[in-house]
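Q: I am a first-year student, and I would like to take a close look at a single part of this protein. Could you walk me through one helix and its surroundings, step by step?

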Amino acid sequence: MDFLMSGLAACGACLFTNPLEVVKTRMQLQGELQSPGTYQRHYRNVFHAFITIAKVKTHLQAQAASEIAVGYQYKHRGMFQALTEIGQKHGLVGLWRGATGGLPRVVIGSSAQLCTFSSTKDLLTQWEIFPPQSWKGALTAAMVSGIVVVLAMTPFDVVSTRLYNQPTDVQGKGLMYRGILDALLQTARTEGIFGMYKGIGASYFRLGPHTILSLFFWDQLRILYYTYSK
């Protein structure tokens with residue numbers, strides 16, 4: 001039941017935050033491996049990115065009109081077509097390309113998320129700031145967790161996005177990065193420390209609400225389940 005409630009909570013969060021994921025992906029790919037000030041900035045900030053995209057998942061989320069394109073442009077028409085094409089060209093292994101970059105992102109993000117949520121909620125309960133089982137306590141703990149998650153995970157999020165989106169040769173080998181360490185070093189060397197946090201504003205507007213909504217929905221679903229299952 002906990003597995004089902006976790007899935008429902010994540011679905012509810014994704015429903016609201018997917019547009020922010022698109023913006024985050026575009027901003028993280030902008031100026032890839034280029035020194036600051038040497039490339040055209042299609043997206044100045046998260047709000048400008050929303051407006052620009054309105055006017056005119058990674059392969060699909062990076063795909064854009066040519067005048068605002070960033071990163072390598074795949075021409076997928078949808079999720080199932082993308083899965084079929086990648087599978088036909090690179091086999092089953094191709095669908096897991098970039099997983100080594102995604103793994104540290106998920107480990108660090110999930111650890112920071114759950115630890116800070118539980119610790120903050122326990123402190124709020126201990127200090128009796130909110131009534132027992134109040135949704136306000138869960139919401140406050142989720143908001144704190146969202147900030148910590150974004151700060152800890154953004155460098156790995158930038159790198160994993162680029163590993164997923166990089167062009168490949170006929171064998172499916174990446175043409176820009178050899179792996180997560182190479183991607184981290186190249187990004188830091190060419191774009192500086194701020195390049196590692198590129199799109200952090202979009203990351204917070206995406207990951208912050210997603211973390212808040214996921215943990216809030218999960219907490220409330222658990223309360224409802226244990227209340228009515230007795």
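A: What follows is a close look at helix α7 and the helices around it, in a model that is predicted.

It helps to begin with the whole chain before turning to the part. The secondary structure of the protein chain comes to eight helices and zero strands, so that, read from the N terminus on, the order of elements is simply α-α-α-α-α-α-α-α. Of the 230 residues in the protein chain, 42% count as buried.

Helix α7 covers residues 180-196, and although it has 17 residues, its end C-alpha atoms are only 13 Å apart, whereas a straight helix would reach 24 Å at 1.5 Å a residue. When you follow α7 along the chain, you find a bend of about 100 degrees at Thr-190. The helices α5 and α8 offer a useful comparison, taken one at a time. For α5, the 28 residues should span 40 Å at 1.5 Å a residue, and because its end C-alpha atoms are 40 Å apart, the two values agree. For α8, which has 29 residues, the distance from the first C-alpha to the last is 41 Å, close to the 42 Å expected at 1.5 Å a residue.

The next matter is which side chains of α7 are hidden and what hides them. The buried residues of α7 are Asp-182, Ala-183, Gln-186, Thr-187, Glu-191, Gly-195 and Met-196, and what covers them includes α6, which runs over residues 135-165. The axes of α6 and α7 come within 10 Å and cross at roughly 120 degrees, and the two helices are therefore oblique to each other. In this crossing, α6 passes α7 in a right-handed sense. From the side of α6, the contact is made by Thr-154, Pro-155, Phe-156, Val-158, Val-159, Arg-162 and Leu-163, while from the side of α7 it is made by Ile-180, Ala-183, Leu-184, Thr-187, Glu-191, Gly-195 and Met-196. If you compare this contact with the buried residues named above, you will meet Ala-183, Thr-187, Glu-191, Gly-195 and Met-196 in both places.

Helix α6 also meets helix α8, residues 200-228, and here the axes come within 7 Å and cross at roughly 140 degrees. As a result of that angle, α6 and α8 are therefore oblique to each other, and α6 passes α8 in a right-handed crossing.

Helix α5, residues 99-126, belongs in the picture as well, since what covers its buried residues includes α6, α7 and α8. Those buried residues of α5 are Gly-101, Gly-102, Arg-105, Gly-109, Ala-112, Gln-113, Thr-116, Phe-117, Thr-120 and Leu-124. Among them, Gly-101 is a good residue to look at in detail, and it counts as buried because its relative accessibility is 0%, where the cut-off is under 20%. Leaving aside residues up to four places away in sequence, Gly-101 touches Phe-156, Ser-160, Leu-163 and Ile-180. Ile-180, Phe-156 and Leu-163 are also among the residues that make the contact between α6 and α7. The C-alpha atoms of Gly-101 and Thr-161 are separated by 8.3 Å, although these residues are 60 residues apart along the chain.

A second residue, this time in helix α8, is Thr-211, which is buried, with a relative accessible area of 2%. Thr-211 touches Gln-113, Ala-142, Ser-145, Gly-146 and Val-149, again not counting residues up to four places away in sequence. The C-alpha atoms of Thr-211 and Gln-113 are separated by 7.5 Å, while the two residues are 98 residues apart along the chain. Gln-113 is itself one of the buried residues of α5, and Thr-211 is listed with the buried residues of α8, including Ser-203, Leu-207, His-210 and Phe-216.

Finally, it is worth looking at the loop that joins α5 to α6, where Glu-128 is found. Glu-128 has a positive phi of about 55 degrees although it is not a glycine, and with a relative accessible area of 66% it is exposed.

Notes:
Residues are numbered from 1 along each chain as its sequence is written. This is a predicted model: local features need pLDDT of at least 70, side-chain atom pairs count only at pLDDT 80 or more; totals for chains, interfaces and linings use all residues. Side-chain values use heavy atoms; hydrogens and water are left out. Helices (H or I, at least four residues) and strands (E, at least two) are DSSP runs, numbered from the N terminus. The expected span of a helix is 1.5 Å times one less than its number of residues. The bend at a residue is the angle between axes fitted to the seven residues ending there and the seven starting there. Buried means under 20% relative accessible area, exposed over 50%, partly exposed in between (1.4 Å probe, protein chains only). Contact means heavy atoms within 4.5 Å. Axes are lines fitted to C-alpha atoms, for helices over the stretch in contact, and angles run from 0 to 180 degrees between N-to-C directions. Angles under 35 degrees count as roughly parallel, over 145 as roughly antiparallel, 65 to 115 as roughly perpendicular and the rest as oblique. A crossing is left-handed if the near helix is turned anticlockwise from the far one by less than a right angle, and right-handed if clockwise.
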